[in-house]
Amino acid sequence: MFDLIIKNANIIDGTGMPSFTGDIAVDDGIIVNRGKDLGDAETIVDAKGLSLVPGFIDSHTHYDAQMMWDEYLTPSAPSGVTTVVSGNCAVGIAPIQAPMRKFISDLLDSIEDIPSDILTKAVNWEWESFPEYMNVLEKKQFACDVGILVGHAAVRSWVLGARVN
């Protein structure tokens, strides 16, 4: 017996093959079988008229600061995205030395249109190094998986400081 069977779904499996109507069996959160008439399950969901697709990857987000207050990663997760990648467009909030937090907040303000003063209040800034930032993120629970790029503006500000030519 399976934990879950989703029956009669229009299955789009992500392989490029045409969609088909069928059932999916799930155990311990993992798809273990697909086909027709897979047997019994603790929970059976009739998905007739609905499509079942793999999760989507949003490879270009700017959730670096938003991850500090929005565990749903809105609007990605509520839209069916299962993995997000943040740290794009040079923007990142780690590594960040304490004197450079205003610079990074101002940069996020100009790119994300989130007021810098709001960012400095909403982000706890309990890290400086990238590993310390990752430790903060690992303590959080998000509605989808998260991948983090190291934004080059954060790296440059770490190395060069506030020097402007």
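Ser 86 is buried, at 0% relative accessibility, where buried denotes under 20% relative accessible area, exposed over 50% and partly exposed in between (1.4 Å probe, protein chains only). The model is predicted, so that local features need pLDDT of at least 70 and side-chain atom pairs count only at pLDDT 80 or more, whereas totals for chains, interfaces and linings use all residues. Residues are numbered from 1 along each chain as its sequence is written, and side-chain values use heavy atoms, with hydrogens and water left out. Ser 86 belongs to strand S7; helices (H or I, at least four residues) and strands (E, at least two) are DSSP runs numbered from the N terminus. Contacts, defined by heavy atoms within 4.5 Å, link Ser 86 to Thr 61, His 62, Tyr 63, Asp 64, Met 67, Gly 147, Ile 148 and Leu 149, residues up to four places away in sequence not being counted.

Strand S7 also takes part in an open sheet of 3 strands, in the order S6-S7-S8 and with parallel pairing. Strands are taken to pair if DSSP finds at least two bridges between them. Strand S6 (56–58) and strand S8 (145–148) occupy the edges; each has a single partner strand, so one side of each is left without a neighbour in the sheet. From one strand to the next the twist averages 20°, with axes fitted as lines to C-alpha atoms (for helices over the stretch in contact) and angles running from 0 to 180 degrees between N-to-C directions. The parallel pairing of S6 with S7 extends over 3 bridges, and Thr 83 in S7 is the bridge partner of Ile 57.

The largest nonpolar core comprises 26 residues, of which Met 67, Met 68, Trp 127 and Tyr 133 touch the most other members. Such a core is a set of buried Ala, Val, Leu, Ile, Met, Phe, Trp, Tyr and Cys residues joined through side-chain atoms within 4.5 Å. At least two residues of this core are supplied by each of strand S7 (81–86), helix H1 (101–112) and helix H3 (130–138). Helix H3 provides the largest share, 4 residues. Tyr 133 is in contact with Asp 64, Met 67, Met 68, Ile 93, Ala 94, Trp 127 and Ile 148, its neighbours within four places in sequence being left aside. Apart from this core lies another, of 7 residues, which include Ala 9, Ile 11, Ile 24 and Leu 52.

A search of the whole structure yields 3 aromatic pairs. Rings of Phe, Tyr and Trp (its six-membered ring) pair if their centres lie within 6.5 Å; planes under 30 degrees apart count as stacked, over 60 as edge-to-face and the rest as tilted. Trp 127 and Tyr 133 form a tilted pair, with 5.0 Å centre to centre and 50° between the planes, and both residues are buried. The pair of Phe 130 and Tyr 133 is likewise tilted, with 6.0 Å centre to centre and 55° between the planes. Phe 130 and Tyr 133 both lie in helix H3, 3 residues apart, about one turn of the helix, and both are buried. Trp 125, Trp 127, Phe 130 and Tyr 133 constitute one aromatic cluster.

Strand S1 (residues 2–11) runs parallel to strand S4 (residues 41–46), to which 5 bridges join it, and antiparallel to strand S2 (residues 20–27), with 6 bridges. Ile 6 has Val 45 as its bridge partner in S4 and stands opposite Ile 24 in S2. S1 also pairs in the parallel sense with strand S5 (residues 51–52) over 2 bridges, where Ile 11 stands opposite Leu 52. Ile 5, found in S1, is buried, with a relative accessible area of 1%. Apart from neighbours within four places in sequence, the contacts of Ile 5 include Asp 23, Ile 24, Ala 25, Leu 38 and Val 45. The C-alpha atoms of Ile 5 and Thr 83, 78 residues apart along the chain, are separated by 24 Å.

In helix H4 (residues 152–160), the buried residues are Ala 153, Ala 154 and Ser 157. Seen down the axis of H4, these residues fall within an arc of 100°, so they line one face of the helix; the arc is that of the directions from the helix axis to the C-beta atoms. Arg 156 and Val 159 are exposed on the other side of H4, while H1 is among the elements that cover its buried residues. Gly 161 follows H4 and has a positive phi, near 70°.
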